[in-house]
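Reader: Please take a close look at one part of this predicted model, and explain in formal terms how its side chains pair and how its helices pack. A single connected account would be preferred.

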Amino acid sequence: MSLDPNTRARIESLLQEHPVLLFMKGEPNAPQCGFSAKAVAALREVGTPFGHVDVLSDPEIREGIKAFGDWPTIPQLYIHGELVGGSDIIEQMTNSGELHGVLGLPVPDRSPPAITITPAAAKIIGESLQSAGAGYALQIDVDSNFQSRLQLAPADPAAIASTSEGIRAQFSLAAAQRAKGLVIDWVDDERGRGLVIENPNAPQAVQSLSVTDAAAQLEAGEITVIDVRPADERQLARLNQPFLTLDDGLEPLLALPKDTRLAFLCHTGRRSLQAAEQFRDQGFTQVANIEGGIEAWSQQVDSDIPRY
């Protein structure tokens with residue numbers, strides 16, 4: 001397939017502009033195919049900034065990049081102008097630590113995590129492995145939100161692996177770091193019947209904070225309040241103490257230290273709970289929702305705040 005000179009020039013300009021560039025389907029926050037999502041997840045695990053090109057919105061680049069690197073599929077990752085490969089290669093290089101080396105980053109910690117599989121859980125898992133036949137292992141995935149998933153997968157001698165109760169569990173590089181101290185148990189009680197995973201590294205659930213406690217903690221400088229309401233709504237009723245807003249977007253707030261004690265506020269407590277969950281998912285470890293919002297604050301703490 002020949003490549004139009006103008007398209008080649010455009011691609012070369014993009015590669016010069018971005019040392020790490022991913023040609024993908026969709027945007028990093030909204031990939032439009034599973035392979036692009038895998039590539040984005042791998043790059044984010046490494047923690048390197050990267051540029052991206054949405055080939056779905058640029059058919060000329062979509063076809064041109066295939067000819068440029070003689071690579072027939074999307075996504076494609078380029079580092080310093082050199083083609084690295086597609087999603088499977090990116091994922092493999094991330095897990096092996098090779099991608100870190102290419103990017104000049106420190107070699108990642110590949111220490112196997114210490115995990116506990118209880119005898120009851122090991123019995124169930126062992127039976128499943130036996131039914132699957134030889135050559136299978138327990139694959140434990142832990143995503144960036146610390147949601148865990150267990151599945152049987154072909155045993156990978158190169159994977160990071162731990163053994164508990166005779167069960168070999170294997171992990172990707174990122175999952176291994178998140179799985180330290182993980183416990184897998186089998187329960188048959190009021191919680192239900194099945195395997196239960198407890199991960200001590202997972203962020204705490206969003207806490208419920210009364211307006212009276214929030215007021216006292218705010219006065220003492222123990223919490224940072226984020227009012228999620230838009231500016232026009234805040235003009236109707238607002239706190240008399242300092243607080244943060246979403247007016248400048250999420251980025252300034254997401255840059256706060258992850259152990260900052262955050263308390264979210266809205267009109268009645270519903271929108272703020274959604275925002276609190278979002279920040280918890282971003283790794284903040286001390287997140288609370290102010291129950292009843294500014295409405296309850298007016299009724300129970302400061303009657304000078306108008307109600308609406």
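**Charged pairs and helix contacts**

Author: Arg193 is exposed, with a relative accessible area of 65%. The model is a predicted one, and the account that follows should be read in that light. The side chain of Arg193 meets that of Asp188 in a salt bridge, with 3.4 Å from N to O. Asp188 counts as exposed as well, at 55% relative accessibility. The cut-off that matters here is 50%, since a residue is called exposed over that value. Side chains of opposite charge can pair when their charged atoms come close.

The pair of Arg229 and Asp227 has another setting. Their side chains form a salt bridge of 2.7 Å, again from N to O. Arg229 has a relative accessibility of 1% and counts as buried, while Asp227 is buried with a relative accessible area of 0%. Elsewhere, Arg10, Asp58 and Glu60 are joined into one network by salt bridges that share partners. Over the whole structure, a search finds 15 salt bridges.

One of the salt bridges leads to helix H4. Lys38 pairs with Asp88, and the closest N and O atoms are 2.9 Å apart. Because Lys38 belongs to helix H2 and Asp88 to helix H4, the pair ties together parts that lie 50 residues apart in sequence. Both partners are of intermediate accessibility: Lys38 is partly exposed at 28% relative accessible area, and Asp88 is partly exposed at 39%.

Helix H4 itself spans residues 87–96, and its buried residues are Ser87, Ile90, Met93 and Thr94. Around the helix axis these residues cover an arc of only 135 degrees, so they lie on the same side of H4. The partners against which they pack include three strands and three helices in the following list: strands S1 (20–24), S5 (76–79) and S6 (82–85), and helices H2 (34–46), H5 (98–102) and H7 (173–178). Helix H2 is therefore linked to H4 in two ways, through the salt bridge between Lys38 and Asp88 and through packing with the buried residues of H4. Just after H4, Gly97 adopts a positive phi of about 90 degrees.

Two helix pairs complete the account. Helix H1 (residues 5–17) packs with helix H3 (residues 59–68) at an angle of about 85 degrees, their axes being 10 Å apart. This angle makes H1 roughly perpendicular to H3. From H1, the contact draws on Thr7, Arg8, Arg10, Ile11, Glu12, Leu14 and Leu15, and from H3 on Glu60, Ile61, Gly64, Ile65 and Phe68. By class, the residues of this contact divide into six nonpolar, two polar and four charged. Arg10 and Glu60, which take part in this contact, also belong to the salt-bridge network with Asp58.

The second pair consists of helix H8 (residues 211–219) and helix H12 (residues 293–300), whose axes come within 9 Å and cross at roughly 85 degrees. H8 and H12 are therefore roughly perpendicular to each other. In H8, the residues Val211, Thr212, Ala214, Ala215 and Leu218 meet Gly293, Ala296, Trp297 and Gln300 of H12. The residues of this contact comprise six nonpolar, three polar and no charged. The contact of H1 with H3, by contrast, includes four charged residues.

Methods: Residues are numbered from 1 along each chain as its sequence is written. This is a predicted model: local features need pLDDT of at least 70, side-chain atom pairs count only at pLDDT 80 or more; totals for chains, interfaces and linings use all residues. Side-chain values use heavy atoms; hydrogens and water are left out. Buried means under 20% relative accessible area, exposed over 50%, partly exposed in between (1.4 Å probe, protein chains only). Helices (H or I, at least four residues) and strands (E, at least two) are DSSP runs, numbered from the N terminus. The arc is that of the directions from the helix axis to the C-beta atoms. Contact means heavy atoms within 4.5 Å. A salt bridge is a side-chain nitrogen of Lys or Arg within 4 Å of a carboxyl oxygen of Asp or Glu. Axes are lines fitted to C-alpha atoms, for helices over the stretch in contact, and angles run from 0 to 180 degrees between N-to-C directions. Angles under 35 degrees count as roughly parallel, over 145 as roughly antiparallel, 65 to 115 as roughly perpendicular and the rest as oblique. Ala, Val, Leu, Ile, Met, Phe, Trp, Tyr, Cys and Pro count as nonpolar, Asp, Glu, Lys and Arg as charged, and the others, Gly among them, as polar.
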